[in-house]
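Let's take a walk through this protein together, one stop at a time. Have the structure open beside you, and turn it as you read.

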Amino acid sequence: MVAAVADVAIPACAAVGIAFALWQWFLVSKVKVSAYAATGNGHRNGGAIFRSEDDDEEDVGMGGDHDEEEEGDGVVAVARCAEIQSAISVGANSFLFTQYKYLAGFTVVFAVVIFLFLGSVHRFSTESRPCQYTAGRTCKPALANAVFSTASFLLGAATSVVSGYLGMRIATYANARTTLEARHGVGRAFSAAFRAGAVMGFLLASLGLLVLYLTIKAFALYYGDDWEGLYESVTGYGLGGSSMALFGRVGGGIYTKAADVGADLVGKVERNIPEDDPRNPAVIADNVGDNVGDIAGMGSDLFGSYAESTCAALFVASISSIGADHDFAAVCYPLLVSAAGLLVCLVTTLFATDLFKVKTVRGVAPALKMQLVVSTVLMTVAALVVTFAALPARFTLFDFGEVKQVRNWHLFLCVAIGLWAGLAIGFTTEYFTSNAYSPVRDVADSCRTGAATNVIFGLALGYKSVIVPVLAIAVSIYVGFTLASIYGIAIAALGMLSTVATGLAIDAYGPISDNAGGIAEMAGMSRRIRQRTDALDAAGNTTAAIGKGFAIGSAALVSLALFGAFVSRAGVADVNVLNPKVFVGLLVGAMLPYWFSAMTMKSVGSAALKMVEEVRRQFATIPGLMEGRATPDYASCVRISTDASLREMMPPGALVLLAPLIVGTFFGVRTLAGLLAGALVSGVQIAISASNSGGAWDNAKKYIEAGASDHAKALGPKGSDAHKAAVIVESGFNRAVLFY
């Protein structure tokens, strides 16, 4: 009976999530943009529109004090917004399709490698073999395992690509609509941006759950009672998602960081023009980068962590007593947790968009914080219900040779500890990256004496911000392993990601708001509208850092669970650091994140150098550009970012994927175990500190620009020495270290 309910509940919840995403998309689409584009009299050039002297006369109050008239002015402003939105959308589409062509070739090659490695273990045998973990049973041939693992890898890669692309589409669809809604108040603009983020969050979580469920059902037609082979082959799904996420984050990151540096250093510092000013040749590339890096890249990243944690938990469950008894509901407990999470996130989203609507600028940050708290509390209750409904009171984990008795409430505690650890990471990230608190204000204050002290304060903030997240991750690992061994750690990671739909909605909200502010500036809309979009953007910078915190924390837990599975599967009894082979691997592994970061940072630096030179060239050689009488060549800047990202994304990705294969092949499993452990421990610390330093530098700059307090006014205004120091560090150092 319970198995039948689970069989219906999992796809039903996924369908509800997809339907809710489409409903949110419909609500966003009610804000019309394109209908007005043809009636505007802006001047088209390369997909963007620029203000002329005639336009100033037609747009009532464009530079005056008639804010209400400016906000009601629709025809020309909407026409400009539509053109700019189209330029951003075309640029993002072009880049992603080109990137996916490159990745298609990699995916095919790596799929062949997976097939050859797995098939060669038993010489591509077509004979049935004794199961490795379930004594007395026969498992399917090694060749079948290689074929189905390769197929699940391709499915995971495809789902990751689709998730990233859909996120980009809704972001470019909603950015101009958020700008236009800002004419009617910050509340409506917030709703448009957050609903669009929810579309991405629910589509990604629902598609990931549904495709994984259908994959299990399809593979079961062949595997039958061989659940060990079935769920082992399904683990390729997580690998496919993570592989695409790696290249998506690197490629999109190089694109957006290079464009950011060029736009800010030349535009703000050298030319003293506003952010997203249409005279800046790099402004379109900058806004395209927000979508391909922070939206598509982050979507693929969180999908990879979600898929890996689910697949790891499923496989461990399949070789336990509940797997031996073929208890579908119990084995698919990870899927049921994710399904319940979709319903919880649906209710949580309504808190922000319908039940407690944002009405003032000050209400934006609390509304986003409420999303974290409400989703965590409701998910704790939902996890309790799912745990006692799906799991037997007591069962045995055959955890790679170790027998452990587990009670169902142990698994509930594992989910809960992951959930609340995620909340702790989120709140810590908010404290260290929001300009509402002293850490960011201290960083802003340090700009009084120049960029050098700003760098020092920002780095110190990042290092200090590591303490609480690492302790939260450590507690999750200890509790999870104590209660349910490796399975407990995987379930804790899944708990942290069980509200991934809400997490992604909050994360995607930031770049959408950032784009909305850029469109408002480029369209020449009123100062009040820009202030509203800036307020949304400032909160979005913090939520983006929170999203990175969740991604890093969950990735750490998932990596440890997979590491434990590898060590046990490889027959390594222990990882003894006194063993020279292990210690050598540990040192090399700890070095890999630095090597990876060096490659990506140099790529960003090289692309940014070309971008800065191109922007300087255009300002120097195009007559009337600075006065707004001429149009920049946006295409050349877009081309620089595109070429650099596509050319430079492969070497870092190859380093990550090939290093374990090379070390394992030539130096053995013990050295490889040390390598993986070193990379995990080193990477987590660096990633958290760099992410929070970057968020703090960004919001310190915006704190000075906003001038919302006496302290901020004393540091400003825009163009002051303190502001220039903030821009230099945020544009250069921040964009580089974020690659950690």
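Begin with Ala92, which is buried, with a relative accessible area of 0%. What you are looking at is a predicted model, and in it Ala92 belongs to helix H5, residues 75-120. Which residues does Ala92 touch, not counting those up to four places away in sequence? They are Met168, Thr172, Val288, Asn291 and Val292. As a landmark farther off, try Asn435: Ala92 and Asn435 are 343 residues apart in sequence, and their C-alpha atoms are 30 Å apart in space.

For another covered residue, go to Ser636 in helix H22, residues 634-648. Is Ser636 buried or exposed? Its relative accessibility is 9%, and buried means under 20%, so Ser636 counts as buried. Leaving aside its neighbours within four places in sequence, Ser636 is in contact with Glu614 and Gln618. Between Ser636 and Gly549 there are 35 Å from C-alpha to C-alpha, and the two are 87 residues apart in sequence.

Now for the nonpolar interior. In soluble globular proteins, nonpolar side chains tend to be buried together. Here, the largest nonpolar core has 199 residues, and Phe190, Tyr231 and Tyr333 touch the most other members. Take a moment to find Phe190 and look at what surrounds it. Once neighbours within four places in sequence are set aside, Phe190 is in contact with Ala352, Val358, Val364, Ala367, Leu368, Tyr509 and Leu536. Apart from the largest core lies another one, of 18 residues, which includes Val440, Ala444, Ala696 and Val729.

Next, follow two helices from end to end. Helix H15 runs over residues 408-433, and its 26 residues reach 38 Å from the first C-alpha to the last. That is close to the 38 Å expected at 1.5 Å a residue. Of those 26 residues, 19 are buried, so H15 is largely enclosed by the rest of the structure. Helix H24, residues 669-706, has 38 residues and spans 55 Å between its first and last C-alpha, close to the expected 56 Å. How many residues of H24 are buried? The count is 31 of 38, so to speak a mostly covered helix. Just after H24 comes Gly707, with a positive phi of about 60 degrees.

That angle leads us to the backbone. Most residues other than glycine have a negative phi. Two residues here are worth finding with that in mind. Asn272 has a phi near 55 degrees, a positive value in a residue other than glycine. You will find Asn272 in the loop between helix H9 (236-270) and helix H10 (283-318). With a relative accessible area of 48%, Asn272 is partly exposed. The other is His326, whose phi is also near 55 degrees and positive, although His326 is not a glycine. His326 sits in the loop between helix H11 (321-324) and helix H12 (328-331). Its relative accessible area is 25%, so His326 too is partly exposed: that label covers the range between under 20% and over 50%.

Let's finish with the empty spaces. The structure holds nine cavities of 30 Å³ or more. The second largest cavity has a volume of about 120 Å³. Its lining is made by 14 residues, and the closest to its centre are Thr499, Val500, Gly503, Leu504 and Phe550. Helices H14 (364-390), H18 (467-497), H19 (500-522) and H20 (527-569) each give two or more residues to this lining. Which helix gives the most? It is H19, with five residues. By class, the lining of this cavity has nine nonpolar residues, five polar and no charged.

Your last stop is the second largest pocket, which holds about 1300 Å³ of space. Of the 36 residues that line this pocket, Asp534, Ala535, Ala538, Ala706 and Ala708 lie nearest its centre. The elements that give two or more residues to the pocket's lining are H14, H20 and H24, and H20 gives the most, with 11 residues. How do the residues lining this pocket divide by class? There are 16 nonpolar, seven polar and 13 charged residues. Set that beside the second largest cavity, whose lining has no charged residues.

Notes: Residues are numbered from 1 along each chain as its sequence is written. This is a predicted model: local features need pLDDT of at least 70, side-chain atom pairs count only at pLDDT 80 or more; totals for chains, interfaces and linings use all residues. Side-chain values use heavy atoms; hydrogens and water are left out. Helices (H or I, at least four residues) and strands (E, at least two) are DSSP runs, numbered from the N terminus. The expected span of a helix is 1.5 Å times one less than its number of residues. Buried means under 20% relative accessible area, exposed over 50%, partly exposed in between (1.4 Å probe, protein chains only). On a 1 Å grid over the protein atoms alone, a cavity is a set of points where a 1.4 Å probe fits but cannot get out, and a pocket is an open set with protein on both sides within 12 Å along at least five of seven lines; lining residues have an atom within 4 Å of a point. Grid points are joined across faces, edges and corners, and a volume is the space filled by probe spheres set on the points. Ala, Val, Leu, Ile, Met, Phe, Trp, Tyr, Cys and Pro count as nonpolar, Asp, Glu, Lys and Arg as charged, and the others, Gly among them, as polar. A nonpolar core is a set of buried Ala, Val, Leu, Ile, Met, Phe, Trp, Tyr and Cys residues joined through side-chain atoms within 4.5 Å. Contact means heavy atoms within 4.5 Å.
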